[in-house]
Amino acid sequence: MKLINRDEGALARSPSSEEVAQTSIELRVNGRRQVVAVEPREVLLDTLRERFACTGVKKGCDHGQCGACTILLDGRRVNACLMLSVMAEGCDLRTIEGIASENGELHAMQQAFLDHDAFQCGYCTCGQIVSAVGMLNEPWSADPQSLAESMSGNLCRCGAYRNILAAVSDVKRAGNRREASRDEDL
Amino acid sequence: MDTNIIGRPLNRKDGHLKVTGAALYATDHQREGQAYACAAHSEIASGELLAVDATATLALPGVLTVLHALDAPKLFRCPESLNVGERRPPFEDNRIYYAGQILALVVAESFEVARHGAQLLELKYKEDEQVSLDFERDLREGKIEQTDASSRGQAAEAFDRGHARIDATYETPVGIHCAMELHGAVAWWEEERLVVEDSTQWVVGQSKALANTFGLPESDVEVRSRFVGGGFGGKLFLWSPSILAAEASRVVGRPVQFSLDRRGQFTSAGHRPRTRQRLRLAADEDGHLVSLRHEAVNQTSQVDQYEESCPDVSASLYQCPNVSISQGVVRSHVGTPTPMRGPGETPGLWALESALDELAVELKIDPLELRLRNVAQRDEAKDLPWSINLHERCLREAAARFGWSQRNPEVGSMREGSEVIGWGIASTSWAAMRSSATVTVDLLQSGKARISCATQDIGTGTYTVFAQMVKELTGLPFDSIEVRIGNSRLPTGPISGGSMVTATVVPAIAEATEKAIDALLDLAVAEDGPFAGSDKKSLRMVGGKLCSRSGGASRSIGEVLESKRLSFVSGKGEASPGEEQERYSFRSFGAHCAEVRWDAGLGRLRVSRVTSVIDSGRIINLDTASNQVYGAIVMGVGMALLEESVYDKRTGRPVTDNLADYLVPVMTDCPEIDLSLLNVPDPHIGKLGARGIGEVGLTGVAPAIGNAVYHATGKRIRTLPIRMEDLMG
Amino acid sequence: MKPFHYERASTVEEACSMSTESEESCFLAGGTTLIDLLKLNVMRPAKVVDVRNVDMDTVDLLEDGGILIGANVRNSDLAWHQKVRRDYQALSEALLSGASPQLRNMATVAGNVMQRARCPYFRDNYSPCNKRSPGSGCAALGGYARSHAVLGTSEHCIATHPSDMCVALAAFEAKVRVEGLAGTRDIPFSDFHLLPGDRPDREHAIDPGELITGVVLPPNVEGASSVYLKSRDRASYEFALASAAVSFALVEGRIAAARIALGGVATKPWRAFEAENCLEGNEPSSELYEEAAALAMEGAITQPDNAYKVPLARGLIVRALAIARERVEAQV
């Protein structure tokens, strides 16, 4: 058995990049609409970083294995590295750059990360925060085990998990309390 | 000096940038006209590159150029006196020394075109028949180069006379740093001058190394690294991405971004090498060590001799009259290893602290007690007194906080539902060092302060600690202090490695700040100054203002400078290790207690709880220091149970070369952590007595877990990581 | 990544005809498998047909009490779906144990059914691999095979089927609904994934031009409870080293409608029919569970690195059966 196999016998006759039509798509990133011409193979992560200067969306693995590129797509957290840009047409995209309010006031999750020192090198942090904001829209309970599971798609090699969990728990519980008091009001 | 600079909680200086995405890491920088590069890596582990057919690649629209080893650019080696990742620069010749070696680089208008171009390259090889890939076989065949050995007493004879003896062999696998930020850079040339937005733990070293590589004067290279997305040792020294980005930029005449992909991190940017370590311990009836032998071998590459100095810690951590240690290397067709968090100690203590646990079982002495009986009164390896040694206190406090006295020593005796619980203990230690640094502190007309030093913050809180020091000494508000680091052109600062930054720089910051204040005082008491005629000694700085010790009006920095029409005054501080290293031995000590839970039916092994007590001298910032230790414990869990970079023995290619197969802990793997940092100033390591915290949190975690696994299951696993299959059946 | 044509379909018919126009085309839904493998150059379609606009993203109740899960339903939506959590608990648990919350928000039901192997030699794009490059050999044999299959293997391929969801679907006797220009057919789940045999590159009983439009789940067996257990090194975000989905009911103290399916140990989502037969009609006991578990793993062919999977899977089956019984009894 030869141990290198680059035989591309099963290879499709790929079109050349000239043959593939570039398409103009409109993306809505952090509330801003912009038309960009992309090749179908362009990946959303690269588009966001290079054409929208959203460099808070990080390339940690490029294969959906680390969570550093987490963004919100119509409010749901997803990995931007596993989406083609053409797939995001017509969607509302939110990155870490669009999480704070317009006047610059930090989102409660950002503030909690600051207050709990929930990061070290900061590289995974943008993805962690966006992921945690997305988590708030999902039916997770506020107990620590559930929250740890809910955040398990975001690797942190500095291992700041203890503080991240504290930050996420704070915001989740505060949200639950608000909901509870709203329910009482009704 | 007033020394109440003790970790009051302060949000990190760089925190806001980091939680908003505004902190720019190396490849976040985008330059006008930037091109992108992608590498092609060797698929064979040993041989020659015969040809590179780039026809298809060059035909792609958007491809600018292809660089490769057969079209070798003129890159120089760095001198032996300068540490680099690989001594051999990329493309030096057509030899292939390991699978994954970078053989070609495609530069293109976009990343996707560059990647496509790299995939289309046809590399033709000649494979060598002689390939060294099998560490075990190489060891059996005795292909070991001895690199280091030392001894005291008569270890062999004493071993034979010992009452209880352990002779066991321990192994640690190849570990990968897996910083979340890949090794990458954006490089461009300004005339003859090279500028690199880089990711490095040592801007000064990186710029020196790049200057050597390209034959430039050091003043013509600027390395910037304002934010580093994790290093853990992997970014201490120069690796090929920065070189190739710079070379590609030179060739295409445009800024070039190049980053390894995640797979490339597993072959081409260093790793903790595989080790095998034989421990022979003997003790008398009371459990006092009478003989200790620690022989270690690590794998290294064909092109560099990297020693993982595992046994050094064994020579000094415990008291023992008869000790012999040795270190050797085996050359394999793998990439060059590099330090990874706690180099030497981390694998070394896996062996030593596991062996001690085995000895405790043999002696039927509690493993905590055995360690207490052998605490070293002085550093017998260096024959020096300790500057301070709180090892015993750490052990006792960790045990007390953990509830060690409730431990039933019988294996498998502690159960809860379907889980069997095990408790283990291990010592942790790290040799404390400091290097040299120059710092300038400027007091500005705007009333602010500016601190400058060519060091970097790899997430350890350097920005914050620096600002905190100046705040403490000047009374200026935290927000009024600008910290300028992460640029090689600033005054020379230390490498972010070996837990040295704080210990090294803190005295220099103190000196620089005091000198800046003194310069301001000179102005204040000068003829037309606001305190003309006063004695300097009668003034002091409070709340960022000068005032008389006896009260009265105060003057701001701005007012004093205004009197002379000056923009700022400066103080320069320099610190280097003094002669204290000749008089004392410096070590940080600690103890970890770990609880594991093993559910045999589910094959589920988890670390549920860790208690750590650590003495690393004075803690400057309790938040950032604690955070580092929490993270170290998580990394220790990974080392103990998850992490292993596996190579296919037939081809030398890494098999688990991604973050789905090389498992780093996720949040659900993080145990409940109880941490106490003793915060006792080291009396001799320099002003404030801080020794650094980065490594000592990790060394010792894995053996605490391994010892707990033994206590739970009765299985002594000597090869990391400990996997479910080791415990089944 | 090579260039490819990209087209968007808005109906099933459109999708099928778009895909038949090009020999080397593939459908795109969540993208979590396809884009991963495009980047690795392991999949190289000439055309990608995006089916996300095809209207098949609801979970519909069927008259017989079962459900029809639209092909585009996201894994997370299905996992949290009330009916699924109540009647098909193992399915919800399987989904929530798979991948990460982000990936579950992207991945679709049909995409999960079509998930490709995680074998490192399949993914590296240069090792011999009969799945990727038919006839080239299997580098996993004699290589690093800790995560590889022990059931359903052949001398040509030992790649594990990586899905969690499919294991639960196998246990619930789902049917995969496929539509093509020739019409619609429902393929029983255990017939859908093919054993590698001498053609590991053929993975599914689906014809070119056919599109999965949904998964049909038969009604839950009266009084049955189910559970999904998964074993892995990391506490989360890892493929199964072994997993078990079991379901049964108790009728007069005896096991009825026993279902056992295994993941992480086989080349396809694995139904353990003989183990089910062994349980059927008997009173539950740990001895019986052990017997069933042993039967389930009979005939396993192990590699040096993965022999542990046999006792591991046995243990999971036994534990899963015990938990299922607790759940059955708690219902009463």
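1. Start with the antiparallel strands in chain B of this predicted model. Strand S21 (residues 539-542) of chain B pairs with strand S22 (residues 545-548) of chain B, antiparallel, over four bridges. If you want a register check, look at Arg540(B), which stands opposite Cys547(B) in S22(B). S21(B) and S22(B) make a hairpin with two residues between them, and in that turn Gly543(B) has a positive phi of about 55 degrees.

2. Carry on along the chain and S22(B) picks up another partner. Strand S23 (residues 554-556) of chain B runs antiparallel to S22(B), joined to it by three bridges. Here the pair to look for is Lys545(B), opposite Ser556(B) in S23(B). This is again a hairpin, with five residues between S22(B) and S23(B). The turn holds Gly551(B), with a positive phi of about 100 degrees. So that's S22(B) pairing with S21(B) and with S23(B).

3. Still in chain B, have a look at helix H7 (residues 240-252). The geometry checks out: at 1.5 Å a residue, its 13 residues should span 18 Å, and the end C-alpha atoms are indeed 18 Å apart. Ten of those 13 residues are buried, so H7(B) is largely enclosed by the rest of the structure. For a residue to count as buried here, 20 or more other C-beta atoms must lie within 10 Å of its own. The buried residues are Ser240(B), Pro241(B), Ser242(B), Ile243(B), Leu244(B), Ala245(B), Ala246(B), Glu247(B), Ala248(B) and Ser249(B). Note that Glu247(B) is on that list. After the helix comes Gly253(B), with a positive phi near 70 degrees.

4. Now the contacts between chains, beginning with A and B. Here 50 residues of chain A are in contact with 52 residues of chain B. On the chain A side, helices H1 (44-51), H2 (108-115), H3 (125-135), H4 (144-150) and H5 (161-185) each supply at least two residues. H5(A) gives the most, with five residues. By class, the chain A side has 24 nonpolar, 14 polar and twelve charged residues.

5. Chain C also touches chain B: 22 residues of chain C are in contact with 28 residues of chain B. Strand S9 (225-231) and helix H13 (309-331) of chain C each supply at least two residues of the chain C side. The largest share, six residues, comes from H13(C). The residues of this side divide into twelve nonpolar, five polar and five charged.

6. Last, the layout inside chain A. The domain assignment divides chain A into domain 1 (23-98) and domain 2 (108-180), and their C-alpha centres lie 22 Å apart. Between them, 16 residues of domain 1 of chain A are in contact with 13 residues of domain 2 of chain A. On the domain 1 side, strands S3 (70-73) and S4 (76-79) of chain A are the elements that give two or more residues. S3(A) provides the largest share, three residues. That domain 1 side breaks down into seven nonpolar, six polar and three charged residues.

Conventions: Residues numbered from 1 in each chain as written. Chains lettered and ligands numbered in written order. Predicted model: local features only at pLDDT ≥ 70, side-chain atom pairs only at ≥ 80, totals over all residues. Pairing = 2+ DSSP bridges. Contact = placed C-beta atoms within 7 Å. Nonpolar A, V, L, I, M, F, W, Y, C, P; charged D, E, K, R; others polar. Domains from an automatic or database assignment. Expected span 1.5 Å × (residues − 1). Buried ≥ 20, exposed ≤ 12 C-beta atoms within 10 Å, placed from the backbone.
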